[in-house]
Amino acid sequence: MPKTIKTTCPYCGVGCGISAEVDPLARTVVISGDVDHPANFGRLCSKGSALGDTVTLQGRLLQPRLHGQDCSWELALDALATAFADTISTYGPNAVAIYGSGQLLTEDYYVANKLMKGFIGSANIDTNSRLCMSSSVAGHKRAFGADTVPGCYADFELADLIILIGSNAAWCHPVSFQRIRAAKSANPLLKVVVIDPRQTSSCDIADLHLPLASGSDSWLFNGLLHYLHQQQAIDRDYITQHTQGFSAALTLAGTASLERVAQQCALPAQDLQTFYSWFAATEKVMSLYSQGINQSASGTDKVNSIINCHLATGRIGQAGMGPFSLTGQPNAMGGREVGGLAHQLAAHMDFSNAEDIDRVARFWGSRNIARQAGYSAVELFDAIDAGKVKAVWIMGTNPVVSMPNADKVRQALGKCDFVAVSDCIAATDTTALAHLLLPAQGWSEKDGTVTNSERRISRQRALFAAAGQAKPDWWIVTELAKRLGFAQAFAYQGAADIFREHAALSAFENDAEHGRRDFDLSAYADISHQQYAELPPRQWPLNQDYPQGRARLFADQQFFTASGKAQFIAVSPTKPVNAPNAAYPLILNTGRLRDQWHTMTRTALASKLNQHKPEAFVEVHPADAERYGLAADSLAEINSIWGSMLARVHITDSIQPGNLFVPMHWTGQYASRGRMGGLVNPVVDPISKQPESKHTPVRINAFQAKWYGFMLSRTELAAPTTEYWLKNTGTDYYRYELAGLSSPANWLEWAKGQVNLPGNITAGWLEYQDTGLGVYRAALINQNRLDALLFIGRGPTLPNRDWLASLFSKAELEPAERQVVLSGLPPIGSEDSGKVICACFNVGEKTIRAAIKTQGLATVQDVGRCLKAGTNCGSCIAEIRGLLASKP
Amino acid sequence: MKQRLVVIGNGMAGMRTVEELLCAAPDQYDITVFGAEPYGNYNRIMLSGVLSGEKALPDIVINNRQWYAANGINLQTGTDKEVVKIERSRRSVLTRDGSRAEYDKLLIATGAKPVIAAVPGHDLAGVISFRDIADVSTMLNYSRTHQHAVVLGGGLLGLEAANGLALRGMDVTVIHNHAVLMNRQLDNQAGRMLQTALEQRGVRFCMTSQVQALLGNQQQHIRAVRCEDGRELACDLLVMAIGIRPNISLAQQAGLFCQRGIVVNDTLQSYDPRIYAVGECIQHRDTTFGLVAPLFAQASVCANHLSGHGVARFVQVPTATKLKVSGINLFSAGDFSGGQQTRQICYQDPERAIYKNLLLKDNRLVGAVLYGDTEDGPWYQHLLESGEDISARRDALIFGKAYADRAIVRH
């Protein structure tokens, strides 16, 4: 019997509610947005909409594996415990570490943090949230005395000016972006400013785009502070009564003229003037910022330079205004709440405060609590490389891909004495290096809570029974804890027990006597199992004063600093640490794509998510393309002094000259050389320890491919034997983009070798060859069913893959299709739909273009009415608008 | 008074010329036609259809005797009326029975003769060629009374004969002196596919073989063929199909300039301005002809000049070959010699027995072999003749006109 379960999306930090219609027997689920959830009110983006395609058991890790052999949980846990215990007894607690993830549920996070800090006695637990959120955390701490997001999503609708800073929300937080788009439609006064070196899809709704020089944000906001002061647009009363440090901040902000600031940021002075004047004149202003701010060696300062402007104008804590950090991961906030970063303790308490340490130790009943910060992410892998950390457990993340200087991470793990990885996916670049693999439950099986960007705690609920022998992460942690002798402190029967304890810790001595902490779930400290099961999505704090939660903090001007006042932070702008030079003259920027999530372990299972941007690419400005001899759609090699990658050249003037952009998603599982992590400089912010992932000096060269090609195969292939390959999973097919430095002697034999057919099957191969152009094509057809296609040419211009790929969904080819399959063009009279634009409804570019032409469509709404394209998540609207604009 | 046109030869080239002439200038000539065979004229290239049983004789008649009468043409056939001499000084032709026909213009269309291999026994009974209705009758008679047929020559004509005889129930072996059937028109791959298809129809092949001798019985009738490798094949009927040779003896006797054929200029005029020649008997710029398409082109040009219009010019274009074996689609045109500048576009679907090979030079089509799917043969023929640059649609060229006309879509 199908049943409907409400849960939460596991991707970005928007934290959308999902209504899942589950068929437990068939293990299928129909996903729709939860119309009652305040984060999304029923909307979902392309990734969330496709979650039903990711609950497949394909590729799942279903069984513990020790040294490559399947084993029992008993054996696996004993091995884990032995490795940790032996390491600790020989080298001390700081020789073990846990590296976690913003994908973990709060309950998982809580017990992992408790075990490491409270009982093993080391703070060597850090997470991939370090890579995305820690500058915001540090900025919040400095300004507010606590890691507090002051506002909420509802403020988007109340604002009159929304600034997106270093955020391509259209792709990375699509549902929030749609909310802003809708707000803009409803409120003609609402202006949107996008501050980003790249012209992204988010600029689609921008009244003003400021393509500032990479890394110059602090100059821009220092300049704004100075301007506000100069224009007397500051709120003197607010500054005096509720803040400290204004004059120091103003002094460091300098007195540079607007023209000088514009020069520093490489912006037209007129545009900067427009932005400054809008900010000065608009009371309800929201500054939404994300990785473009955080991922910087001065990320914390950048965060504070933004917050400074809000403090100076008193625009914080009220409806429709305030700085607002768009969180990257579904539970980065939850991780912060439990103290899941190496410098945090627990429940927004820190090592810097001896009373906090004592408090947490008493609460946990721990005699062995860590007393100082552990290794942050980059430090942790350096410590592994240096042999200081000898046993590590990596939970639900893929640092061999996502870390900066990722080749060094791989090298470090390769020589580490003991690497355990718990994951729901069997084959990742990181599991490849594990001695012990622990099967974790996936999104559809886990049960617990997550917290989104607006402090809203939502339940993630299990849709299915656990697959294979997969276990909850918290269970695995408690089993380790028991084996290390801490059974009493980890006697949880379920997630609800953990959540109650977590809530109780947040409430523990959280009062006027001991000092108030922002993070307070005292209303939940005693909830029943039933209440936990039915927990509605609420924003913390949840306590006696706010039993239903609180939308905004600081309306009362009460900050969590020692003085109770908000702190201006004097910011001295600094350039990114590694400047471009003669050998590495370009700046590499990295980021997310619309339809992929992190290292693609889950989104790449959903074929429709693989169509929008099917291949790792590098965006290059036309001037740089010419300068470095890069042809459109050819392959380029990008090198930094840390590593290299290959990517498809996309020439676009949406990026500035001197800058390159590559997506962060591709891994060794999906591409021979598409991992960008190896290139990125391991420079970190001295305060937040967040890496500067958006600024690495690189050089780019044409990859001297002798041939380009692609292969489509019904079955998955082993890694193709050529220098460049990239795998993309489609519906009933796998797509391999290929290129090589030398041609095989015989293409048919090569193709047979890749497909790896049993025996010596030669029948059924269709071939096409143009010796003059170096073109070779072959199709493997068995009883009229297409099983494989190979297209080879000298250059990157090859037939469109879409129609060819669609043939794999057919049980049999029509004679006309068979006849022309190697032409790459559909039979006359049938047209392919082109590159997928709308992933939600799978509408292709050619379909949209044809409808625009034949039906005279003029607006995005027309296209939506006609084809449904753009009517769900809306993240393709910018592209649809582009098609409308480009119509002949 | 009308001029007199005498035509020697009642075959396809000569009569097509007459037909064209009747259209262009119906009243210009009194026309006399001399034919060796006792019929009106018929479509010689459809003889293999008659042999295989797909056609009956009346089906292949182009013009019956009534047509000649109706058009005022004096048709002279039979051995008595065979032309034995051209008397250029008298502007007349002399027939075997001593009668003469005078001309103002003479058209020689004497065609070609089958090449007979110079091997011992070539004059045995049961050794024939495949040229005319009489040969087809002979083959049909043998197929009813005898079992073993050997065809010498794996070219177009030999294979049509072999297929026809096999269909008529004979055990047929083709002896071919080359590893590839129809090696003048096909490449290795197409030749192999053709061989396989014919083998599936029961025809056997001795490839790369030479005949050493034809062996007869006491009645001087062929009984076996001995190959150079010593093999002997039982043989009741041997069909020679190893080529044709222009029939130029009359022209040579008359002192017209001949090399391999009667040498003509671009207007199909011989070295005697009153004498024209068309068809398999001519040589135009070093080329002789065996396929029908250029013959018809010659007829058109020749009629244009005979009628006095005098503007047409015969231009050689690559000629397409089609094998007339039911169920085997094969098309070949142009040059297969290859060479350094030649580029190849090749397509094959072995399961469907489809193979296509296009040869390009300087982005122009110079040769095409199609096996299994010949639908686009005429288009390739057109491209060969027009010599147009195909680079814009090269990528889809082999998939046919409809495809090639669409631009290739970039990814």
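The following dialogue works through selected features of a predicted two-chain model.

Reader: How should the overall build of each chain be read, beginning with chain A: how many helices and strands are there in chain A?

Author: One begins with the secondary structure and then turns to the overall dimensions. Chain A has 29 helices and 36 strands. Its radius of gyration is 27 Å, close to the 29 Å that the globule rule gives for 888 residues, so chain A is as compact as a globular protein of that length. Taken along the principal axes, the C-alpha atoms of chain A fill a box of roughly 85 × 65 × 60 Å.

Reader: How many helices and strands are there in chain B, and what does the C-alpha trace of chain B span along its principal axes?

Author: Chain B contains 10 helices and 27 strands. For its 411 residues the globule rule gives 22 Å, and the radius of gyration of chain B, 23 Å, is close to that value, so chain B is as compact as a globular protein of that length. The C-alpha trace of chain B spans about 70 × 65 × 35 Å along the principal axes.

Reader: Which residues of each chain does UniProt cover with a domain annotation?

Author: Such a record should be set beside the secondary structure of the stretch that it covers. In an unreviewed entry, UniProt lists residues 2–59 of chain A as "domain: 4Fe-4S Mo/W bis-MGD-type". Over residues 2–59, chain A is 7% helix and 33% strand, with the end C-alpha atoms 25 Å apart. For chain B, the UniProt annotation "domain: FAD/NAD(P)-binding", likewise from an unreviewed entry, covers residues 4–283. Over residues 4–283, chain B is 24% helix and 31% strand, and its end C-alpha atoms are 25 Å apart.

Reader: How many residues of chain A are in contact with chain B, and which element gives the most to that side of chain A?

Author: An interface may be read by its residues, by the elements that supply them and by their chemical classes. Here 20 residues of chain A are in contact with 20 residues of chain B. On the side of chain A that touches chain B, strand S32 (residues 765–770) of chain A gives the most, with 5 residues. That side of chain A divides into 9 nonpolar, 7 polar and 4 charged residues.

Reader: How is the packing of two helices to be described, for instance that of H17(A) and H19(A): at what angle do their axes cross?

Author: The description takes in the approach of the axes, their angle, the handedness and the contacting residues. The axes of helix H17 (residues 377–385) of chain A and helix H19 (residues 406–415) of chain A come within 8 Å and cross at roughly 45 degrees. H17(A) and H19(A) are therefore oblique to each other. H17(A) passes H19(A) in a left-handed crossing. The contact is formed by A:Phe381, A:Ile384 and A:Asp385 of H17(A) with A:Lys408, A:Val409, A:Gln411, A:Ala412 and A:Leu413 of H19(A). These residues comprise 5 nonpolar, 1 polar and 2 charged.

Reader: Is the crossing of H4(A) and H14(A) left-handed or right-handed?

Author: The crossing of H4(A) and H14(A) is right-handed. Helix H4 (residues 134–144) of chain A and helix H14 (residues 299–312) of chain A pack at about 50 degrees, with their axes 8 Å apart. H4(A) is thus oblique to H14(A). H4(A) contributes A:Ser135, A:Ser136, A:Ala138, A:Gly139, A:Arg142 and A:Ala143, while H14(A) contributes A:Gly299, A:Thr300, A:Val303, A:Asn304 and A:Ile307. By class this contact has 4 nonpolar, 6 polar and 1 charged residues.

Reader: At what angle do helices H1(B) and H8(B) pack?

Author: Helix H1 (residues 12–24) of chain B packs against helix H8 (residues 292–306) of chain B at an angle of about 40 degrees, with the axes 8 Å apart. That angle makes H1(B) oblique to H8(B). H1(B) passes H8(B) in a right-handed crossing. Among the residues that meet are B:Met12, B:Arg16 and B:Leu21 in H1(B) and B:Leu295, B:Phe296 and B:Cys302 in H8(B). The contact of H1(B) with H8(B) has 11 nonpolar, 4 polar and 2 charged residues.

Reader: Which peptide bond is cis, and where does phi take a positive value in a residue other than glycine?

Author: Most residues other than glycine have a negative phi, and most peptide bonds are trans. The peptide bond from A:Trp540 to A:Pro541 is cis, with omega near 5 degrees. A:Pro541 is placed in the loop between strand S21 (538–539) and strand S22 (566–567) of chain A. The positive phi, near 45 degrees, belongs to A:Phe41. A:Phe41 lies in the loop between strand S3 (28–33) and helix H1 (46–49) of chain A.

Key:
Residues numbered from 1 in each chain as written. Chains lettered and ligands numbered in written order. Predicted model: local features only at pLDDT ≥ 70, side-chain atom pairs only at ≥ 80, totals over all residues. Axes fitted to C-alpha atoms, helices over the stretch in contact; angles between N-to-C directions. Helix = DSSP H or I, 4+ residues; strand = E, 2+ residues; numbered from the N terminus. Parallel < 35°, antiparallel > 145°, perpendicular 65-115°, else oblique. Left-handed = near helix turned anticlockwise from the far one by under 90°. Contact = placed C-beta atoms within 7 Å. Nonpolar A, V, L, I, M, F, W, Y, C, P; charged D, E, K, R; others polar. UniProt positions renumbered as here; feature names shortened; annotations may be inferred. Rg over C-alpha atoms; globule rule 2.2 N^0.38 Å.
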